[in-house]
Amino acid sequence: MEIQLHPLDWVVIAVYSVGIVAVGLYVARRVKQTSDYFLGRRGFNVWLIIGQAFGVGTHAEMPVSLAGAVYQSGYSAIWYQWKNLFITPFYWILGPMFRRVGRTTIGEVYEDRYGNFMGGVYTIFALAFFTFSMGAMLKGAGKLVSAASGGTVSPNTVVLVMTVTFLLYSFVGGLVAAAYTDFVQSFFIIALSFLLIPLGLSRVGGFSGIRETLDPAMLSMVTPGDVGVFTILMLTINGLVGIVAQPHMLAAIGTGKDERSCRIGMAYGNFVKRFCTVGWALVGLIVVVMLADTGGVLADREDAFGFATKELLFPGAVGLMIACVLAANMSTCSAFTVDGGALFTQNFYRRYLAPDKSDRHYLMVGRFSGVTVTTLGVVFGLLFEIVLEAFLFTETMAAFMGISMFGAISWRRANRYGAFASLVTSSLLFFYLTYEEYGVLLRWEAANFGYSLLLGFVSLAVVSWLTPPESKERLDPFYKRLNTHKQLDEETGEEVVVDEPGHDLLVAHLFDLELSKGLGRFYRRFRVDINGLVFAFGVVVIIIALGRGILLLP
């Protein structure tokens, strides 16, 4: 869908680009050492964590692909993005875990728990995750913006301009700049989600016009045939197991100034995304009605978002929409740049190449290694279409890596041999089943994933029991940190222990729940986890009711 940009659109895009760089460089002044650059000294408030969780987890291809799916399959296709709705409450109990481990990267967590070999395995996975994910996101955004400009700007040019923009503030300001720019860009992402809706509803006669035009089956929330209940269950498990091993989560979530910030940020930052999903789905319905009035048909379902932009927006608003697309991707890529630099510096360079350098030296290495990881992502994005399949590979591998991460947190008997076996067996079975059924390696299928994940957990348990346990000297410090509630004292800038009942973590005590001692004791021990879970599941019900009820409006 070609959209010729008005000069006013270019002004809006330029103002956005200059403004976001200015915000990043302004807050970068406080970055003096590696703890600032990689972690923001774990001093971010709840709003910054919400912005990071929402911004890092939301990419420009999401509204485009969902609007297209709804255009083709009906409103029930909302479950393509709502597949993780039911795991979002569990983010409430996972958030504090990322803070309590007390490390800069999840690679260091693996080293603490399983030793250097598994730390190295994780580092390889994580660097591949950052490289391929950034390549896919940059390439996707480049194509969108190129189409929005009527082809006057090539996708590769867009990729390069985006990269230079977020590298300007990421290189100087690290996670501090990424967090503050994510917060600002989250408003642009929300605008991306809802900018088209009022204009579209006005065009089609409101929600009553949608109901009168479309077959009731198009407005049903029952899942389409290819996204049934079993598939949603497997996707839910995939998301829950994989989220703990995704390499950016520690910096995005574990950098709150207290555990309340981490809990609220992780859970409710993602609930904002689930809410925005309703807006993306409505765009798809509006396009169906608009085309029904003219008898037109889209050649590609994913043209739906571009069609709505072309038909509904006015000069200046198109530029704002493009700025929103840029925001949705740069918020993620800036965080990946910093996290990739942290991973290389802490888990490879500092450990194996230069163990006794100054903090200033490691800060500079972190900056340049982050740029290097980003450059690799750009190369993949510019040269290889296969990067999209590689992105699928890293998402699947995150779940298989997550088996050992859950074992590390929840089961003291888990060891390095079981951790490695769980990764190898689950991966090999998944790729074998996929190749046997489809003739390709990189295709996600619910049953194949379920069998592979089950084998991974069984391998972790069996191999860990049959091999020597990790030493007490390794395990005791790890679990002491995991069971210690700390927060930042803003006056002194130091971490202080908080001695309050009810803050034990369910995820760290799955094999130590002591239910035999009574439900009262159980509740007192895990009060914060339990209360938050119950409330968050109430939010899930509200969001589903909102998604259904909004179609009943006039």
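Here is a short chat about some charged side chains in this predicted model.

Visitor: What makes Glu108 a residue without a salt bridge?

Guide: A salt bridge needs a side-chain nitrogen of Lys or Arg within 4 Å of a carboxyl oxygen of Asp or Glu. For Glu108, the nearest side chain of opposite charge is Arg103, and that one is 5.2 Å away, so the cut-off isn't met. Glu108 is buried, too, and sits in helix H6.

Visitor: Then which backbone nitrogen lies 2.8 Å from a polar atom of the Glu108 side chain?

Guide: That's the one of Thr104. The side chain of Glu108 also reaches the backbone nitrogen of Thr105, at 3.0 Å.

Visitor: Why is the pair Asp476 and Arg412 called a salt bridge?

Guide: The N to O distance is 2.5 Å, and the limit is 4 Å, so the pair qualifies. Asp476 lies in helix H20 and Arg412 in the loop between helix H17 and helix H18, so the pair ties together parts 64 residues apart in sequence.

Visitor: How do you know that Lys472 forms a salt bridge with Asp476?

Guide: Their closest N and O atoms are 2.9 Å apart, and anything within 4 Å counts, so this is a salt bridge. Lys472 and Asp476 are four residues apart in helix H20, about one helical turn.

Visitor: Why is Lys472 called exposed, and Asp476 partly exposed?

Guide: Exposed means over 50% relative accessible area, and Lys472 has 56%, so Lys472 is exposed. Asp476 has 29%, which falls between the 20% and 50% limits, so Asp476 is partly exposed.

Key:
Residues are numbered from 1 along each chain as its sequence is written. This is a predicted model: local features need pLDDT of at least 70, side-chain atom pairs count only at pLDDT 80 or more; totals for chains, interfaces and linings use all residues. Side-chain values use heavy atoms; hydrogens and water are left out. Helices (H or I, at least four residues) and strands (E, at least two) are DSSP runs, numbered from the N terminus. Buried means under 20% relative accessible area, exposed over 50%, partly exposed in between (1.4 Å probe, protein chains only). Lys and Arg count as positive and Asp and Glu as negative; His and the chain ends are not counted. A polar contact is a pair of N or O atoms within 3.5 Å; within protein, one must be able to donate a hydrogen and the other to accept it, and residues adjacent in sequence count only if both atoms are side-chain atoms.
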